[in-house]
Amino acid sequence: MTMPQPKNNSVIQPDFSRFINEEVLPLHKMDANQFWQDFSQLIEDLSPINRQLLAKRDSLQQQIDDWHLARKGQPMDINEYEAFLREIGYLVEEGEDFTITTTNVDDEIAKLAGPQLVVPVKNARFALNAANARWGSLYDAFYGTDVIAKNNGLETNKGYNPARGEAVIKKAKAFLDEVFPLENGSHQDVSSYVVYYHHLLAFFEDGSQSGLKQACQLVAVNGQRSEPEAILLRNHGLHVEIQFDRNGVNGAKDKANINDILVESALSTIIDCEDSVAAVDTEDKIEVYRNWLGLMQGTLEASFKKDGEIQTRRMNPDKFFTDLDGQAYPLHGRSLLLIRNVGHLMECDLMQDGLGNFVPEGIVDAVVTSLIAALDLKKTEGLRNSRTGSIYIVKPKMHGPEEVAFSCELFSRVEDMLGLARNTLKIGIMDEERRTTLNLKECIRAAKERVVFINTGFLDRTGDEIHTSMQAGAFLPKEQIKSQAWIQAYENRNVEIGLACGLPGRAQIGKGMWAMPDEMAAMMEAKVTHPKSGANTAWVPSPTAATLHALHYHQIDVFARHERVKQRTPASLKDLLTVPLIPDNLTLSEKVIEREVDNNIQGLLGYVVRWVEDGVGCSKVPDINNVGLMEDRATLRISSQHLANWLLHGICSRAQIEESMQRMAKVVDEQNQATPGYRPMSEQGANSQAFKAAQDLIFKGVIQANGYTEPLLHAYRIKVKQA
Ligand SMILES: CC(=O)SCCNC(=O)CCNC(=O)[C@H](O)C(C)(C)COP(=O)(O)OP(=O)(O)OC[C@H]1O[C@@H](n2cnc3c(N)ncnc32)[C@H](O)[C@@H]1OP(=O)(O)O
Ligand SMILES: O=CC(=O)O
Ligand SMILES: [Mg+2]
């Protein structure tokens, strides 16, 4: 069969055109010739602008490097620095105040406050789990994690531990007491719950009873009111379902027959095509798009072996309850899905333009992920994603307002091409590059009709902090970078500008990832600061983390925090511009330097080996203290740039890095020894592509565009795939 080809000599990879023509376009009843014609025209029109924007990044970086080099050894004068950044157009003038006008936004983004899960799109099993993570078992989240310490008889290592089970139930009921208190008594002592007119009645063993302190927290019920199967409570707009089953595993033992408590958890999920994914060629990109198609169609399935059994995972249906007036009370059964496209940097082999150039991957992502998501908008029933007619695209790594404007222009062109109403495509702006942070208000203005979030991607942002000021001097150790004035100013200013631009009610103000997936007790301590800061969402690495982080949004009324933020002194631009360098009066000890180098290299090698050898884009890698860290391309950007910076400024030597790499390769090989097919780096020596990639990431770190890791990762992964 001859595939439709555009007339302007562009070349489409046959597998890609087959996928689009056979698996996607027929679902739209779209004419393939017209589609490819429009697609290649769009590429022809927009690729040159994309390339100009990248050239501008390089030119600005060069000017910044030169400025620092000309002042080598001198203290940095912040006023002079600010004036210089304005002069070169890195810092732009702020215009008049305005408010965003985004419309047709689903409540999960516009009105509610709760966790946002992120998941690599290439992993169908995880992606389905994420889509279903709207609801999570509180009992499971407490039982399986360290929020209840796994010691003193409460261990989890030998099958089911009844003592731990009891502790879980006690903790879960303490949560009910805190968030849904009874007028009298405690949920711990309730022996049955009934629904009486508009009230929940809790009965105690002595025959006494109590209602809820706030009766309106009861919103719906399932089953008989006198013996409910489930009751639905609501606080700060978030639901909690108490499930009863007198024969259930937990219900049979429980005084009130509570079998589980389900918490509305990941209100939204970012399906990630970017930093948690290794997609380097047509084959990989089709896998990415095919999974997205399955999610948008509701047909994605994954079969896998777990606990000795084959399981098939599918997307959950919606949930249905009966409200207190007897009317249907439907609830979304799945997380609202957003799709993170790649940024403006990379090109891909899916298509070549008329001149034989590979095309910007971000343009292809915008067209294909929108084409697929548009299928969801046609649905009126079944497994729908947006119920307000929107497609949510998260756009990472944009540098400043011009690049945001370019994304919006691209989105408008895609809308025209697909016959979608203007502003159907919404944009989530990752505030993760320094030029975007510094010009955030103007970035939001550039997308004011479609912006649905500003999110502090502090990991990329840290990488860009290092790269931008690479020539300014040596940076503090990684942990200390996080406690300097710049980062607090960055986080605070993001919320302040978000509020000033009227995001609440239309868009999210978001906070970054919890990057220690197993440290849930620590997360419960630390991540409450996110809702406290006024952010109405924050990223979590797993469904369990979503269920636990959801509890914070019950404790804190985010929207009530906004007045406080509006009244405080705004974060200062000077703090933002203060580069977290090692101060003159601080000398790092040999030991501190050695640990920092080893730690960076261990994480870097642990991540890179799985990326390059196996195409795994997101991994949990133990750090030097044996804490499993979520590593993705953004964390790799930090570690590689940090090492490159220390090498450049003589904090460590090339020989020291090389010695550490040899040693850490053995550590990482040992960590991976149980992985079938793993090829140890220490045995392959100079033949290990992963090891070579790691060397380049460090030793060529200074010359990587904005410190990004994807050009080298892609190049080495392609070598492995071709071999
Ligand atoms: C800077 C940034 O850009 S951050 C954004 C990018 N980062 C991410 O997307 C992080 C996503 N998270 C992950 O990929 C994983 O949680 C990792 C790699 C960090 C840890 O993975 P693992 O160690 O294999 O997870 P772990 O063994 O603890 O848990 C596995 C279970 O949790 C589930 N799970 C873990 N993470 C996720 C997730 N993000 N979404 C959905 N399910 C998940 C798996 O489906 C699996 O359950 P199953 O066996 O029922 O399928
Ligand atoms: O994308 C998120 C980040 O922290 O970077
Ligand atoms: Mg990022």
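## Domains, sheet and ligand 2 shell

UniProt lists residues 592–710 as "domain: Malate synthase C-terminal", in an unreviewed entry. The model described here is predicted. Within it, the span 592–710 is 61% helix and 7% strand, and its end C-alpha atoms are 29 Å apart.

The domain assignment of the protein chain gives domain 1 as 78–133 + 269–556, domain 2 as 137–264 and domain 3 as 590–722. Between the C-alpha centres of domain 2 and domain 3 the distance is 46 Å.

An open sheet is formed by 7 strands, with antiparallel pairing, in the order S3-S10-S9-S8-S7-S14-S15. Strand S3 (135–137) and strand S15 (328–331) are the edge strands, each paired on one side only. From one strand to the next, the twist averages 30 degrees.

Three of the strand pairs are set out below.

| Strand pair | Sense | Bridges |
|---|---|---|
| S8 (residues 228–235) and S9 (residues 238–244) | antiparallel | 6 bridges |
| S7 (residues 218–223) and S14 (residues 319–323) | antiparallel | 2 bridges |
| S14 and S15 | antiparallel | 4 bridges |

Individual residues can be placed in these pairs. Arg234 is opposite His239 of S9. Ala220 has Asp323 in S14 as its bridge partner, and Phe320 stands opposite Pro330 in S15. The hairpin of S14 and S15 has 4 residues between the strands, and in this hairpin Gly326 adopts a positive phi near 85 degrees.

Which helix lies across S3, S8, S9 and strand S10? That element is helix H18 (residues 543–555), which runs at about 100 degrees to S3. The strand S10 that H18 crosses comprises 258–264. By residue number, H18 falls in the 269–556 segment of domain 1, whereas S10 falls in domain 2.

The remaining site is the shell around ligand 2. Its residues are Asp275, Met430, Glu432, Gly457, Phe458, Leu459, Asp460, Gly512, Met513 and Ala634. Which helix gives the most to this shell? Helix H13 (residues 458–468) does, with 3 residues; Phe458, Leu459 and Asp460 are the shell members within that helix's range. By class, the shell has 5 nonpolar, 2 polar and 3 charged residues. The charged members are Asp275, Glu432 and Asp460, and the polar ones are Gly457 and Gly512.

Ala634, another residue of the shell, lies within the UniProt span 592–710 and within domain 3. Asp275 and Met430, also around ligand 2, fall in the 269–556 segment of domain 1.

Methods: Residues numbered from 1 in each chain as written. Chains lettered and ligands numbered in written order. Predicted model: local features only at pLDDT ≥ 70, side-chain atom pairs only at ≥ 80, totals over all residues. UniProt positions renumbered as here; feature names shortened; annotations may be inferred. Pairing = 2+ DSSP bridges. Axes fitted to C-alpha atoms, helices over the stretch in contact; angles between N-to-C directions. Contact = placed C-beta atoms within 7 Å. Near = placed C-beta within 6 Å. Domains from an automatic or database assignment.
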